[in-house]
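Thank you all for coming. I would like to take a few minutes to walk through one model with you, and I will go slowly enough that you can follow along on the screen.

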Amino acid sequence: MPDGQQPALHDLVTVLCAPSVAISAPDGQIRAGGASGCYRHDRRGLARLEIGVEDAELVPTGASAAEAGRACFHGVVRGRGEATPDPVLHYRRERRADAESFAETWTLRNYSSRDADLVVTARLATDLARMDLVKAGTPGALAEPEATGDGVRWQGDGCTVDLAASRTADAVSIEDNEVRLSWRAEVPAGAQWSLSFALDQQEHEQSGFLPRRPARPVRLVAPWARDGDHARLLERSLQDLEGLLLADPRQPESAFLAAGSPWFFTLFGRDSLWAARFLLPLGTELAGGTLRVLAARQGTRHDPATEEQPGKIPHELRRAAIDIDGSDPLRLPPLYYGTVDATPLWVRLLHDAWRAGLPEDEVRALLPALTAALGWLSGPGDPDGDGFCEYRGSDADGLANQGWKDSGDGIRWSDGAIARRPLALCEVQGYAYAAAVGGADLLDAFGGDGGTARQWGAELRARFRERFWVEDEHGRYPAVALDGDKRPVTGPASNMAHLLGTGLLDADEARLVADQLTSSALNSGYGLRTLASSNAGFNPLSYHCGSVWPHDTAIAVLGLAAEGLHEQARVLAGGLVRSAVEFGHRVPELHGGTDRAAGEPVVAYPASCRPQAWSAAGAVAVVGYLEGWNRPAKPCAQPERNA
């Protein structure tokens, strides 16, 4: 793979138990190069573990990964002078991950009537690379190994990795920092021979954010699913979500979901908030933990380097600064606030979790953070005072776009031109309105005064209707944003789906949005495209300009349902399930926006994370809607006062 290109993930097998993840080829081999390897805390502890048999070929015959933390790979050994046309030497490779380590067992079974005498080999190497360098395609040189009595050790950059084998190797050689171990395996007829490996990775430098598994298990159990594909999608998604659970070391009882594997294996503001919100039908524990962990890092000052502002909820938290792209000078600080939407989404989750039964004492403890967040919406979140939440974005080291479509070309005009910042995104106005109204209800219920927030929301709703709605050859719809000159950016995009269910739209406006979302330009048949195919900038395999993001489709489905538009909701929900089946029910971060009606297949986006928290959680929410146990609330519904 050339340097500077993101490694492909779509055809790899992932085994994970946060903060650990192992990624391999479909045959189970962890080969040098690309994204393969065993990682913990965003560092690759093992980059190569290839098992072989001398003078023979390993032929894979199948694999299964029914659990998030376990995978099995099966195959046969060919080229050992078999007396029959049938394979008689079978192997099974089982890999397990837990929060602290990895374990692997390779077992050879001799189904022949003759004894087998083989030499089993293992090739090992690592680069101790940071995850952001792996993602950028620039991981660096291999680390120098040290042979130990039962395996290999690597040390460097404040990290020690030990790989121990269950059998002492008969021969050890090291060349160009790659280790070759070999064992003589004498396997009688009808018997088996096994070799196990245990990988332990220790970080000596404990500063920075090193999340851990929650101190108390979080139960993610859905009621049921009758349909076969629904049941399989639900089971796979819940398993992956369990594997993504983490907790703040300073708040070990407060769980949250890492955004996705492997690139985003940490706390993200909008991702973790959306995932927790999708899962509210299963309980409020995860929502409470996510709210507390983010509130603990809510902004208190103005800091241009990190883009912190008073009341602002952060974008992401890493153990160290990261390079977003190896070819560009994009470098984010460990605690980074470059997001315009995490703050209103935090308020929305607090409100919705309260309505869903979050204990009164937990809600009350978060009221100071609520007040600060509402202050940000009408203060620093509206830097020019025009009444809309907007962002200028970073011109240096941070993110240029700071909504959920945060790639540099993510917001485009109908002719494909990139919109000029500052930008006031349409969906952020919907989040902000719902946050103002919901926040006002919370303040009123807990002895405060929500009048100011409620009035601000009412004025925002009126301003939005006046400034954002456009009509052109595509019909009548909300513009994706107001640009730096306060012009509505034309061209249908999926952003408008996020307005549904917020209360910002009236019933007629919601129907107009529904018509756009279910049009052939936005509905691919496999989910909702991020950008209409009629846009000159459309590319079905662009990150944000024509691809399908399952969480985006889930937001549309639940928003349509909240507005009472169930026929349109089921159309998009069917596309999400259809695409999930093609991915073995393990929903990716995103996939191609190809056209089902034209006979095109669903295609993978090569560098897409899988699993991804908000994709898996969105799938759970959509299955719940289709099965009848997740009923989205109507816009502006009054909360059931449990305080």
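I will go through helix packing, then a pocket and the cavities, and finally a few points of backbone geometry.

Please keep in mind throughout that what you are looking at is a predicted model.

Let me begin with helix packing. Two packed helices are described by the angle between their axes and the distance between the axes. The first pair I want to show is helix H3, residues 269–278, and helix H13, residues 613–627, whose axes come within 8 Å and cross at roughly 20°. At that angle, which falls under the 35 degrees used as the limit, H3 is therefore roughly parallel to H13. The handedness of the crossing of H3 and H13 is left-handed. On the H3 side the contact is made by Arg270, Asp271, Trp274, Ala275 and Phe278, and on the H13 side by Ala613, Trp614, Ala617, Gly618 and Ala621. Sorted by class, the contact of H3 with H13 comprises 7 nonpolar residues, 1 polar residue and 2 charged residues.

The second pair is helix H5, which covers 342–355, and helix H8, which covers 426–445. Here the axes are 8 Å apart and the packing angle is about 45°, so H5 and H8 are oblique to each other. The crossing of H5 and H8 is left-handed. H5 contributes Pro344, Leu345, Val347, Arg348, Leu350, His351 and Trp354 to the contact, while H8 contributes Tyr431, Ala432, Ala434, Ala435, Gly438, Gly439, Asp441, Leu442 and Ala445. By class, the contact of H5 with H8 holds 11 nonpolar, 3 polar and 2 charged residues.

Several of these helices come back when we turn to the pockets, and I will take the second largest pocket, which encloses about 890 Å³ of space. It is lined by 34 residues, and those closest to its centre are Arg277, Asp352, Arg355, Pro632 and Ala633. Which helices supply at least two residues each to this lining? They are H3, H5, H8 and helix H11, the last of these spanning 550–562. Of the contributions to the lining of the second largest pocket, that of H8 is the most, with 5 residues. The class division of this lining is 19 nonpolar, 7 polar and 8 charged residues.

From the pocket I move to the enclosed spaces. How many cavities of 30 Å³ or more does a search of the whole structure find? The search finds 3, and I will describe two of them.

The largest cavity holds about 90 Å³ of space. Its lining is made up of Pro19, His41, Asp42, Phe209, Pro211, Phe265, Thr266, Leu317, Arg318 and Arg319, and these divide into 5 nonpolar, 2 polar and 3 charged residues.

The second largest cavity holds about 70 Å³. Among the residues that line it are Cys38, Arg95, Phe102, Glu104, Leu163 and Phe197, and strand E9 (101–110) and strand E16 (192–203) each supply at least two residues of this lining. By class, the lining of the second largest cavity has 9 nonpolar and 2 charged residues, with no polar residue.

Pro19, which we have just met in the lining of the largest cavity, takes us to the backbone. The peptide bond from Ala18 to Pro19 is cis, with omega near 10°, and Pro19 sits in the loop between strand E1 (13–17) and strand E2 (20–24). Ser261 and Pro262 are also joined by a cis peptide bond, with omega about 0°, and Pro262 is found in the loop between strand E18 (251–257) and strand E19 (267–268).

Two more loop residues deserve a look. Leu128 has a positive phi of about 50° although it is not a glycine, and it lies in the loop between strand E10 (116–125) and helix H1 (131–136).

Ala321, for its part, lies in the loop between strand E20 (316–317) and strand E21 (322–325). Where sequence separation is concerned, Ala321 and Asp132 are 189 residues apart, yet their C-alpha atoms are 9.4 Å apart in space. Setting aside neighbours within four places in sequence, Ala321 is in contact with Arg130, Arg331, Leu332, Pro333 and Pro334.

That is where I will stop, and I am happy to go back to any of these views.

Terms used. Residues are numbered from 1 along each chain as its sequence is written. This is a predicted model: local features need pLDDT of at least 70, side-chain atom pairs count only at pLDDT 80 or more; totals for chains, interfaces and linings use all residues. Side-chain values use heavy atoms; hydrogens and water are left out. Axes are lines fitted to C-alpha atoms, for helices over the stretch in contact, and angles run from 0 to 180 degrees between N-to-C directions. Helices (H or I, at least four residues) and strands (E, at least two) are DSSP runs, numbered from the N terminus. Angles under 35 degrees count as roughly parallel, over 145 as roughly antiparallel, 65 to 115 as roughly perpendicular and the rest as oblique. A crossing is left-handed if the near helix is turned anticlockwise from the far one by less than a right angle, and right-handed if clockwise. Contact means heavy atoms within 4.5 Å. Ala, Val, Leu, Ile, Met, Phe, Trp, Tyr, Cys and Pro count as nonpolar, Asp, Glu, Lys and Arg as charged, and the others, Gly among them, as polar. On a 1 Å grid over the protein atoms alone, a cavity is a set of points where a 1.4 Å probe fits but cannot get out, and a pocket is an open set with protein on both sides within 12 Å along at least five of seven lines; lining residues have an atom within 4 Å of a point. Grid points are joined across faces, edges and corners, and a volume is the space filled by probe spheres set on the points.
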